[in-house]
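Q: I have a model open and want to go through it before I get back to the bench. Can you take my questions as they come?

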Amino acid sequence: MSHMNRFSRLFKRFPASLQCGFGQAKRHVHAEQVLVRSFSLGEQERKEATRSILPPQTYRSDLPSDLPPSHRKEVTGKPDEKPKRKLLKSFTTLKDLVQYLEPFSSGGAADGSLPFRGVEASMALNHLHRLRLDSKKDSELSEDFKRQIHQFAGMVMRDIGEIKGKNLSWTLNALKDVVGFESLFDAAADRLMALPVSHFENLQSISLCCNAFAHSINSRKISPNKLKMLANHMATASVALMDPQSSEVDARSIAVLCNAFAKMSPERDEVFESASQAIQAMSKRNVSMKLQDVRKLCHAFCHRLTYDQERDSALFCILFSVAKSELRSERKRSLKTNSTRCSSSCLLEHGDNVGCLPVDIALILQSLLRSQYNDLEMLEELKQTIDALSLSFPQHFDGMSIHVILNALVQFRVCDAKVLTAIGRCIIASNKVSSKPEAILSFKTIRTWLDVATDLQIHSEIVDMIIEMAMEMISSNVASISNDDSHALVRAITERGADGPLIR
């Protein structure tokens, strides 16, 4: 009698309750025989033999044959217990993001996921803010966008006691330009003052929080006394994290932080001193800076309460050196680019993605004037960049930037015919595309330009066009004209030899 037949007869003598276990043993004996026999088979036959001894639910034919056993996932046919949420940063349009977030914004969940807590709500606010420009193109989308902003802000307010620095910075940054939310800003200030330095992940979190509160000064989202206490706490935290030798400290965060403190608490010398040391250390390590960072730093240090030319000259030497290099690069880019970039409003929103904005030139010029830093080479670079940009993108110069640029050049006494003509091109183009109140040209700017053009004896069509623009502003009651304005206009008309119809 064979070994297998004897085993079968013995197996039948056991009770039925035990036969299941022996059935497994019988199968394993069979498996050993198949495996021993498979060594003499070919590759395909060996696979078939292996398939016959493995339970169907654990065999994965789609996996490579050389995959380690530890990597073979058991397939049971059961659905995953918790489906994975989509990464919010993967969304590129506001419409898709709003549609995905809709179930979460109402306090529910999608696909069986858990509802949003305050931390997830702050992430949603961050990405809604990232794609906010899309809301201006669609009125219905704009309403959904505003509604979700309020709903997610409510979730953050509900869980404010659990939220740390990074998530608070995302929330405040998303709401800094939105009307209302005074109670949320007040609660966020209390929460920030209760957080130790270790709960701020990096300097960027602090800089975004400070920037949001600096933006809210005019709207008074928190009381002046609380803002002062918050500034003291944030100053201590920022100095602790602003290690000059740390590679995690970046120029963008320092620039945003200093710009915020220049408005929120300009007397905090320790913040500006730490920032100056960090920037100088970064310069020695050849860390790159963008022109937007340089502009913000220049503007902030010129507006600090205790500005000192001798003490801050080393910093301004670095900043203006970077600015000169960036301006040269921008001129090369503008010469190669024939197509127009985005609109002026888009440029103001996405300034980080372009090389040079008119506001960069304006504030660097203003800082050069206020810092009393005598750098004629810097002035020449700025003038050449104004000329290059006026030929390529004159419509990107808003009224405020034109006003600051023109007045700074006049005070420096370097406003020659070439740069004044360039500014004239920008005045004409800006008047056609201005949509924001702060972007609209003032009559004072036009009067200043006409005065300088008359002194320089500029005779061109641009002068005629700007005279006509001034007359239209007066006739349409856009601007009220003073005696000085009238004198400058008449003088310009007389100098050009314009005929009577212009004078009304």
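A: Yes, starting with a term: a residue is buried under 20% relative accessible area, exposed over 50% and partly exposed in between, with a 1.4 Å probe and protein chains only. This is a predicted model, where local features need pLDDT of at least 70 and side-chain atom pairs count only at pLDDT 80 or more, while totals for chains, interfaces and linings use all residues. Residues are numbered from 1 along each chain as its sequence is written, and side-chain values use heavy atoms, with hydrogens and water left out.

Q: What share of the protein's residues is buried?
A: Of the 504 residues, 43% are buried.

Q: And how many helices and strands?
A: There are 22 helices and 0 strands. Both are DSSP runs numbered from the N terminus: helices are H or I with at least four residues, strands are E with at least two.

Q: How much surface does the protein expose?
A: About 27000 Å², and carbon and sulfur atoms supply 52% of that. The areas come from the Shrake-Rupley method with a 1.4 Å probe; for residues, only the protein chains shown count as cover.

Q: What about contacts between residues far along the chain?
A: Among contacts with a separation of 6 or more, 75% are between residues 24 or more positions apart. Contact means heavy atoms within 4.5 Å.

Q: OK, helix pairs. At what angle do α20 and α21 cross?
A: Roughly 150°, with the axes of α20 (residues 443-455) and α21 (residues 461-475) coming within 11 Å. Axes are lines fitted to C-alpha atoms, for helices over the stretch in contact, and angles run from 0 to 180 degrees between N-to-C directions. The two helices are therefore roughly antiparallel, a label for angles over 145 degrees; under 35 is roughly parallel, 65 to 115 roughly perpendicular and the rest oblique.

Q: Is that crossing left-handed or right-handed?
A: Left-handed. That is the term if the near helix is turned anticlockwise from the far one by less than a right angle; clockwise is right-handed.

Q: Which residues of α20 meet α21?
A: F443, I446, W449 and L450 do, and their partners in α21 include I462, I466 and M473.

Q: What sits in the loop between α20 and α21?
A: Q457, for one. Its phi is near 55°, a positive value in a residue other than glycine. Most residues other than glycine have a negative phi. Q457 is exposed, at 53% relative accessible area.

Q: Where is R413?
A: In the loop between α18 (399-412) and α19 (417-433). R413 has a phi near 60°, also positive, and is exposed at 77%.

Q: How do α16 and α18 cross?
A: At roughly 35°, with the axes of α16 (residues 358-370) and α18 coming within 9 Å. The residues in contact include I361, L365 and L369 of α16, and V404, I405 and F412 of α18.

Q: Switching to Q292. Buried or exposed?
A: Buried, because its relative accessibility is 2%. Q292 lies in helix α13 (residues 291-302).

Q: What does the side chain of Q292 pair with?
A: The side chain of D360, through a polar contact of 2.8 Å. A polar contact is a pair of N or O atoms within 3.5 Å; within protein, one must be able to donate a hydrogen and the other to accept it, and residues adjacent in sequence count only if both atoms are side-chain atoms.
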